[in-house]
Amino acid sequence: MADFDWLFFMEVLVGGLLSGVMYSLVAIGFVLIYKTSGVLNFAQGAMLLFAALTFVSVTERGISFPLAFAITFAIMVVIGIAVERTVLRPLTNKPPITLFMATLGLSYIIEGAAQLIWGTQVHGLDLGIEDVPFDVGGVYISQFDIFAAVVAASMVLLLSVFFRYTRIGLGFRAVADDQFAALAVGLRLPWIWATVWATAGLVALVAGLLWGARVGVQFSLSLIVLKALPVLVLGGFDSILGAILGGLLIGASEKLAEVYIGGYFGGGIEGWFAYVIALAFLLVRPSGLFGQKLLERV
């Protein structure tokens, strides 16, 4: 242990935690929909792609960043509400597999629409933050990773405050706890569902900009949702706190595994190590760290 490079270990750990915050932001989009409607929204990745592609295509036409963000946000709100009205509402009380297949098909429709409207070329996205190392007590951390983590953490904080202290947020929590009780006290479920889908659109926009700036705006961006699945398994599909902690755990563990044990497997284990953790966790605690147990839901 005397030869162990603790500064390098901290660099890897912090880098993983910062990536984990971005995973959490993507996972929260799933949690919002699942908590209120019980739907595993597999179209979240397509929404992320569509948001990033719309934003960068609008800015390439000379529109300023704030206006492009507002335009893209409005489009994502419309898409979210349209999805709720045309897909979710008609399928209310249908089996979960039906709802899952509906969102899976929806993801291909959204991706196809993005390709039809904006084309298939890869776009670069510059948010004005250079991806250069920043020295913090001898530990070098990417400035962009810090920026992305701060934005993602701020988004998570705003959502937490919104759903905890606003009237709409209280309605959301009531629906998440018991839909029938929420109906009994006069809450309008379709309106709340539409609000949640619109919020998921905003989350997809922010996550799409951050990931698009890191890896480029391309159609493989929709596969980011696959990174969110192990996060949801660890944290629980119906817990925002679980999504946050799950993202941190996945981000840190995959980076550390790649650096310290990846050599024993020929390298490249960062892409699949998170699923090993998720599978092991499913065998021990299927509901996740903070997810509601299946018996409780029944």
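**Burial of helix α9 and the α2–α3 contact**

In helix α9, the buried residues are Val-225, Lys-227, Ala-228, Pro-230, Val-231, Leu-232, Val-233, Leu-234 and Gly-235, and in this predicted model they account for 9 of the 11 residues of the helix, which spans residues 225-235 and is mostly covered. The elements against which these buried residues pack are α1 (6-37), α2, α10 (240-260) and α11 (273-284). After α9 comes Gly-236, with a positive phi near 110°.

Helix α2 (residues 44-59), one of the elements packed against α9, also passes helix α3 (residues 65-88), the two axes coming within 9 Å and crossing at roughly 145°, in a right-handed sense. On the α2 side the contact is formed by Met-47, Phe-50, Ala-51, Thr-54, Phe-55, Val-58 and Thr-59, which meet Phe-65, Ala-68, Phe-69, Ile-71, Thr-72, Ile-75, Met-76 and Ile-79 of α3. By residue class, the contact of α2 with α3 comprises 12 nonpolar and 3 polar residues, with no charged ones.

The protein chain as a whole contains 12 helices and 2 strands, arranged along the sequence in the pattern α-α-α-α-β-β-α-α-α-α-α-α-α-α. Its radius of gyration is 20 Å, which agrees with the value near 19 Å that a compact globule of 298 residues would have, and its C-alpha atoms fill a box of roughly 65 × 50 × 35 Å along the principal axes. Of the 298 residues, 46% are buried, while 72% of the contacts between residues at least 6 apart in sequence join residues at least 24 apart. The accessible surface comes to about 14500 Å², with 68% belonging to carbon and sulfur atoms.

Methods
Residues are numbered from 1 along each chain as its sequence is written. This is a predicted model: local features need pLDDT of at least 70, side-chain atom pairs count only at pLDDT 80 or more; totals for chains, interfaces and linings use all residues. Side-chain values use heavy atoms; hydrogens and water are left out. Axes are lines fitted to C-alpha atoms, for helices over the stretch in contact, and angles run from 0 to 180 degrees between N-to-C directions. Helices (H or I, at least four residues) and strands (E, at least two) are DSSP runs, numbered from the N terminus. A crossing is left-handed if the near helix is turned anticlockwise from the far one by less than a right angle, and right-handed if clockwise. Contact means heavy atoms within 4.5 Å. Ala, Val, Leu, Ile, Met, Phe, Trp, Tyr, Cys and Pro count as nonpolar, Asp, Glu, Lys and Arg as charged, and the others, Gly among them, as polar. Buried means under 20% relative accessible area, exposed over 50%, partly exposed in between (1.4 Å probe, protein chains only). The radius of gyration is taken over C-alpha atoms; the globule rule is 2.2 Å times the number of residues to the power 0.38. Accessible areas come from the Shrake-Rupley method with a 1.4 Å probe; for residues, only the protein chains shown count as cover.
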